Amino acid sequence: MRIAIGEFAHETNTFRAGTTPVEAFQRRHWLTGDEIVAGHRGVRDSLGGMLDAAERLGIEVVPTFATSTEPSATIARAAYDEIRDRLLAGIRAAGEIDALCLALHGAGVAEGIDDLEGTLLGEVRAVVGPDLPVVVTLDLHGNQTPAMVEHASILLNCHLYPHTDMYERGIEAVELAQQIVEGSLKPTMHMITLPMTIPPSTTMLGVAKDINELCWEWESGPGIVDVSFVHGFPHTDIPNINVTVVATTNDDRALAARAATAVARSIWERRGEFLVTLPGAEEAVRQAMAGDRQPVVIAEVSDNPGGGAPGDGTQLLRALLAANPERAAFGFIADPEVAQQAHEAGVGAEIDIRLGGKSDDLHGAPIETRAYVKCLTDGRFVYTTPMGAGSQVDLGPMARLVIGNVDVLVSTIRTQTLDAEVFLLHGIDARRYDIVALKSQQHFRAGFVDIAGEIIRCDTGGSTTSNLDALPFQRVARPIWPLDRDVVWG
């Protein structure tokens, strides 16, 4: 059996100005053919799972093309066209294949294309024909569409947030593709779209955890292949940002409809539990300084590069510097100018800096201060978190600056903080600090849950805010809860 694999993944935040060019993909993750195998074998992600499952099952893998980049602004149309063409060329060059497994995202938007994944899958279908099994892994922050259901054989959204099960979903993709080819599985999907959107909600606790457990109850019954609670991605302004439920059965459409309906009803009945009120920066720092279980991890959710925010916001850092607690670390803020300035000055130098706040006016003004250059690195390390363990990371030249009592990490390239390795790279053992501040919505939990004495999430009103009423929606289909509180469904 021969299965082709490929990837085109991007989480698009249309509230960010400008477009994401093809160069952003080329700089971060741009692999062809055997480069995909070398780059993903032993990595806990979807492609890594596909590779391991195929090897175990004796399936020949034909790698085509794989690319992704950090969540960012709308993808330039030229970038979409080039990536699509490379992926389709790789599929054509694969020759005779029995199935195709793709790692997509679900929240991609390109210029003129609101539904990137549905559009791409339609173009893939035009190449492979109507009968070839096409199994797709997806983020749970996908804005699921009928076109995606129409053109894919199975959609496998990850269940967990943090996304620590992407590797397992990759394994399932190959296993299910094999079953379809062998004739033991005839996947039948049913999707329900709810008139609601939710802020990013971890599945480690609370209502999202409960909904997942309901999904798994249904999955444990006969005939059910998969039931997915798809959260949607609210930090983009397109008509469809809805929560959806997708149930897949083995040739039983009525059963798929019953399962999806039952889960959708539970989500709708408990929708109010998804709304949270988070402290601002100053209050979060006050709470952290009063905490008695160290380290207290403060996550700035509203400037989360993992949702497309710039990562150079200064709101939380400014509050931390003003309080100036002992044994505090901030990791990290993206500012290539300051990182370069520190490298030019060298370890031991004192420099006058204008730190952060350079991308827009939404995430705070630059911090003008004097800093001591404690440590310089190349910004390269390997993730150890269950979400993507084994992945090579390159954040460009980095610096550990000391401002007052606070250790501040500065990167050249933006991304959210997923685990403590970036601190260790700069000689900081996060477990020995009282306060560790970082930028992330929920993914940081996977890497810090075993370290943190307490976790505080704060919202300073940026482009990935959890206060969805604050986002300047123009194109989303209305009415939609919670933007419209009197919506009726069911």
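Visitor: What is the relative accessible area of R485, and is R485 buried or exposed?
Guide: A quick word first: this is a predicted model, in which local features need pLDDT of at least 70 and side-chain atom pairs count only at pLDDT 80 or more, while totals for chains, interfaces and linings use all residues. Residues are numbered from 1 along each chain as its sequence is written, and side-chain values use heavy atoms, with hydrogens and water left out. Buried means under 20% relative accessible area, exposed means over 50%, and partly exposed lies in between (1.4 Å probe, protein chains only). R485 therefore counts as exposed, because its relative accessible area is 53%.

Visitor: Which residue forms a salt bridge with R485?
Guide: A salt bridge is a side-chain nitrogen of Lys or Arg within 4 Å of a carboxyl oxygen of Asp or Glu. In this bridge the closest N and O atoms are 3.6 Å apart, and the partner of R485 is D469.

Visitor: How many residues apart in sequence are R485 and D469?
Guide: The salt bridge of R485 and D469 has its closest N and O atoms 3.6 Å apart. Both residues lie in the segment after β19 (454-458), so the pair ties together parts whose distance in sequence is 16 residues.

Visitor: Is D469 buried or partly exposed?
Guide: The relative accessible area of D469 is 46%. That value makes D469 partly exposed.

Visitor: How many salt bridges are there by this rule?
Guide: Some of them join up: R77, D81, R84, D85 and E123 are linked in a network of salt bridges. By the rule, the count of salt bridges is 33.

Visitor: Where D407 and R400 meet in a salt bridge, what is the distance from N to O?
Guide: D407 is buried, with a relative accessible area of 7%. R400 counts as buried too, at 10% relative accessibility. Their side chains meet in a salt bridge, with an N to O distance of 3.0 Å.

Visitor: R431 forms a salt bridge with D429, but is R431 buried or exposed?
Guide: The closest N and O atoms of R431 and D429 are 3.1 Å apart. On the D429 side, 19% relative accessibility counts as buried. R431 has a relative accessible area of 58%, so R431 is exposed.

Visitor: How many aromatic pairs does a search of the whole structure find?
Guide: Rings of Phe, Tyr and Trp (its six-membered ring) pair if their centres lie within 6.5 Å; planes under 30 degrees apart count as stacked, over 60 as edge-to-face and the rest as tilted. The search of the whole structure finds a number of aromatic pairs equal to eight.

Visitor: W30 and F65 form an aromatic pair; how many residues apart are they?
Guide: This pair is edge-to-face, with 4.9 Å from centre to centre and 80 degrees between the planes. Helices (H or I, at least four residues) and strands (E, at least two) are DSSP runs, numbered from the N terminus. W30 is in strand β2 (residues 29-32) and F65 in strand β3 (residues 60-68), so the pair links distant parts of the chain. Both W30 and F65 are buried, and their separation along the chain is 35 residues.

Visitor: Which residues form one aromatic cluster with F8?
Guide: F8 is found in strand β1 (residues 2-9). At 1% relative accessibility, F8 counts as buried. The other members of its aromatic cluster are F25 and Y80.

Visitor: The charged end of R271 sits over the ring of which residue, 5.9 Å from its centre?
Guide: A charge sits over a ring if NZ of Lys or CZ of Arg is within 6 Å of the ring centre and within 35 degrees of the ring normal. R271 lies over the face of W268, at 4.0 Å from the ring centre. At 5.9 Å from the ring centre, the charged end of R271 also sits over W481.

Visitor: How far apart are the end C-alpha atoms of helix α7?
Guide: The expected span of a helix is 1.5 Å times one less than its number of residues. Helix α7 (residues 166-182) has 17 residues, so it should span 24 Å. Its buried residues include M166, Y167 and I180. The model agrees with the expected span, as the end C-alpha atoms are apart by 25 Å.
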